[in-house]
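Welcome! Here is a protein chain to explore, with a short guide to how its pieces fit together.

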Amino acid sequence: MRITVLLPGTLREKAGGESRLAVEVAEPATLGRLLDVLAERYPALERRLRDEQAGLRRYVNFYVDGEECRHRGGPETVLRADAEVQIIPSVAGG
């Protein structure tokens, strides 16, 4: 099943400069499986998205079809065909 991943400018360099990635994920597709596929293709991106135990990094927000995934099961969030996943790292500063 094809999933579209949208990356902000801060993460694009880790994915070959791409802002949109079309990713094929085996069914049943979940956010965790999507991240596994991304980890294989873009190892540097993986380190920015998940911690050493493959948990979602706290300071990175994952939106599945516009809804923050932590309210839908985190890595177990089920993805529909043609879903859109937007990844947004938190920005801090002052």
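The briefing below goes from the whole chain to its sheet, one helix and the core.

This is a predicted model, in which local features need pLDDT of at least 70 and side-chain atom pairs count only at pLDDT 80 or more, while totals for chains, interfaces and linings use all residues. Residues are numbered from 1 along each chain as its sequence is written, and side-chain values use heavy atoms, leaving out hydrogens and water.

**The whole chain**
- The protein chain has 3 helices and 5 strands; helices (H or I, at least four residues) and strands (E, at least two) are DSSP runs, numbered from the N terminus.
- Starting at the N terminus, the order of elements is β-α-β-α-α-β-β-β.
- The radius of gyration, taken over C-alpha atoms, is 12 Å, close to the 12 Å from the globule rule for 94 residues, so the chain is as compact as a globular protein of that length. That rule is 2.2 Å times the number of residues to the power 0.38.
- Buried residues (under 20% relative accessible area, with a 1.4 Å probe and protein chains only) make up 38% of the 94 residues.

**The sheet**
- An open sheet of 5 strands runs in the order β2-β1-β5-β3-β4, with mixed pairing; two strands pair if DSSP finds at least two bridges between them.
- At the edges are β2 and β4 (67-68), each pairing on one side only.
- β3 and β4 run antiparallel and are joined by 2 bridges.
- Val64 stands opposite Glu67 in β4.

**Helix α2**
- Which residues of α2 (residues 31-41) are buried? They are Leu31, Gly32, Leu34, Leu35 and Leu38.
- These residues cover an arc of only 155° around the axis, which puts them on the same side of α2; the arc is that of the directions from the helix axis to the C-beta atoms.
- An α-helix has 3.6 residues a turn, so residues three or four places apart point the same way.
- The buried residues of α2 pack against β1 (2-6), β2 (20-24), α3 (43-49), β3 (60-64) and β5 (84-89).

**The core**
- The largest nonpolar core (buried Ala, Val, Leu, Ile, Met, Phe, Trp, Tyr and Cys residues joined through side-chain atoms within 4.5 Å) has 25 residues, and Leu34, Phe62 and Ile87 have the most contacts inside it.
- β1, β2, α2, α3, β3 and β5 each supply at least two residues of this core, and α2 gives the most, with 4 residues.
- Ile87 touches (heavy atoms within 4.5 Å) several residues beyond four places away in sequence, including Val5, Leu49 and Phe62.

Note on methods. Buried means under 20% relative accessible area, exposed over 50%, partly exposed in between (1.4 Å probe, protein chains only).
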